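Subject: Structure for your review

Dear colleague,

Please find below the structure that I am handing over to you. I should be grateful if you would look through it alongside the notes that come after it.

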Amino acid sequence: MQSICDSLPGVLSLAEARRRLVGSLSPIGGVESVLSGGALGRVTADDILTTVDFPPFSNAAMDGYAVRSVDALPGATLQVVDRIMAGASSVSDLEPGQAIRIFTGAPLPAGADAVVMQEAVVLEGETLRLSAPLLSGENVRFRGEELRVGERLLASGRIIRPQELGLLAQAGVKTISVRRRPRVAVLSTGDELVASGGSLGPGKIYESNRAVLLGLLADLPVEALDFGIVRDDRALLGEALHLAAAEADVVITSGGASVGDADFMAELLTEKGRVEFWRVAIKPGKPFLLGHLGGTPLFGLPGNPVSLMVTFMALVKPGLETLIGLVPSEPLRWPVRALGAIRKAPGRLEFMRGILERRQGELFVTPLAEQGSHRLTSMSAAHCLIVLPQDSTGVAAGDWVSVELLPGGERDILEGAV
Ligand code: AMP
Ligand code: MG
């Protein structure tokens with residue numbers, strides 16, 4: 001179904017903007033080799049096959065006694081003839097009528113096919129009395145039951161998390177081949193901006209968007225390049241964009257994307273490169289721009305700090321994932337009830353900063369009273385973004401609304417009012 005904004009030239013619905021953005025980008029390519037131990041957050045470039053069995057030998061899953069299950073009938077007695085610790089390298093065979101003391105992770109002796117838990121036996125000297133029947137394979141981890149040599153340990157295109165670091169370590173893999181990280185140039189524009197540490201003159205503010213962007217980028221397998229602050233000067237900005245585009249695989253700018261007299265992004269891009277689209281029917285974040293400069297994609301973000309974060313989460317993140325060669329992620333949203341009525345004007349999809357709370361076991365959300373897109377404090381105070389569809393005119397108390405957690409929002413839910 002076409003919405004009002006789809007038919008307005010220049011202003012796209014968020015869904016359409018996302019589709020065009022993802023569709024106009026392709027993976028940057030390139031592979032490098034890294035030590036497995038340093039591969040956290042990187043993306044595998046190939047399937048990785050294991051050269052060892054998981055586990056590499058059959059071993060005990062419990063502290064107890066290795067036995068032949070055929071011998072292990074209730075009331076039977078077995079002679080304990082040996083003892084095997086984890087790490088043992090030579091292990092005697094188990095003959096009928098015998099048991100061997102064994103500890104978790106120790107190699108199973110030949111002849112044994114089960115381990116009886118030490119809590120399930122009575123020991124009299126070196127004689128073991130069993131009380132319950134035992135199945136073949138009980139409390140044993142068999143060689144290769146998890147993975148066999150030559151099977152796939154990790155698929156190509158996977159992000160390495162701590163658990164995958166462990167898999168690589170278990171397989172004894174020293175180096176792996178990973179995708180090259182896109183180089184992401186970040187620059188802020190504005191005559192009013194002063195870098196932290198500088199002194200604030202009249203009309204100036206400390207610049208904060210690069211700090212936010214660099215923080216957001218730290219969670220992705222990209223290499224961030226800080227191109228600093230650029231004044232609202234057409235020529236200077238053109239030069240800075242040119243440099244950034246030459247150096248990086250993608251450029252992210254903040255500010256100057258709107259329609260003010262000092263907003264040069266759309267104009268410069270039209271003149272020196274290409275504007276794919278400009279303006280998205282969202283609030284905040286409407287002036288978002290996607291362009292290309294000499295083949296390098298450029299995301300032009302609005303300068304207001306809340307708009308910047310919202311457009312990053314909604315558009316830049318899936319764009320960067322596409323450049324990395326990952327499936328672009330959809331923000332995870334789930335339904336909660338609005339505690340009170342929420343009013344909204346139709347026309348733009350709205351992201352409201354909200355506070356979650358639990359009442360009688362059910363989650364409710366309330367928008368913060370102040371929703372100004374300049375208020376970074378609201379991003380810090382909020383648990384989530386309430387996502388109200390483009391055509392919505394608001395909801396009544398108790399209605400279901402969609403919410404999206406802010407980065408790190410899981411912690412708020414644990415520690416906050418919820
Ligand atoms: P602009 O998108 O350039 O029109 O800027 C919109 C608002 O965001 C203005 O109030 C700017 O002062 C503010 N702003 C722009 N860039 C930054 C930045 N990098 N850090 C903090 N505030 C900014
Ligand atoms: Mg500006």
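The notes below cover the domains, the ligand site and some points of backbone geometry.

Please bear in mind throughout that this is a predicted model.

Domains

The domain assignment divides the protein chain into domain 1, domain 2, domain 3 and domain 4. Domain 1 is made up of two segments, 4-29 and 180-324, and domain 2 likewise has two, 31-54 and 145-179. Domain 3 spans 59-141, while domain 4 covers 334-414. Between the centres of domain 3 and domain 4, taken over C-alpha atoms, the distance is 59 Å.

Ligand site

Ligand 1 occupies the second largest pocket. Its shell holds 14 residues, of which the closest are Glu 192, Glu 207, Ser 208, Gly 256 and Gly 303. By character, the shell comprises three nonpolar, eight polar and three charged residues.

Which atoms of Glu 207 and Ser 208 approach a nitrogen atom of ligand 1? For Glu 207 it is a polar side-chain atom, at 2.7 Å from a nitrogen atom of the ligand. For Ser 208 it is a backbone N or O atom, at 3.0 Å from a nitrogen atom of ligand 1. In addition, a polar backbone atom of Asn 304 lies 3.2 Å from an oxygen atom of ligand 1. On its own, ligand 1 has 480 Å² of accessible area, and the protein covers 77% of this.

Cis peptide bonds

The peptide bond between Phe 54 and Pro 55 is cis, with omega at about -10 degrees. Pro 55 belongs to the loop that runs between strand 2 (48-49) and strand 3 (59-60). Phe 54 is also the end of the 31-54 segment of domain 2. Another cis peptide bond links Lys 283 to Pro 284, where omega is about -5 degrees. Pro 284 is found in the loop between strand 19 (282-283) and strand 20 (289-293).

Positive phi angles

Asn 139 is not a glycine, yet its phi is positive, at about 60 degrees. This residue is placed in the loop between strand 9 (127-130) and strand 10 (140-141). Gln 360, also not a glycine, has a positive phi of about 45 degrees. The loop that contains Gln 360 connects strand 24 (349-359) and strand 25 (362-367).

With kind regards

Technical notes: Residues numbered from 1 in each chain as written. Chains lettered and ligands numbered in written order. Predicted model: local features only at pLDDT ≥ 70, side-chain atom pairs only at ≥ 80, totals over all residues. Heavy atoms only, no water. Domains from an automatic or database assignment. Near = heavy atom within 4 Å. Polar contact = N/O pair within 3.5 Å; in protein donor to acceptor, adjacent residues only side chain to side chain. Areas by Shrake-Rupley, 256 points an atom, 1.4 Å probe, with all protein chains shown as cover. 1 Å grid on protein atoms, 1.4 Å probe; cavity = no way out; pocket = protein on both sides within 12 Å on 5 of 7 lines; lining within 4 Å. Sits in = over half its atoms within 2 Å of the grid points. Nonpolar A, V, L, I, M, F, W, Y, C, P; charged D, E, K, R; others polar. Helix = DSSP H or I, 4+ residues; strand = E, 2+ residues; numbered from the N terminus.
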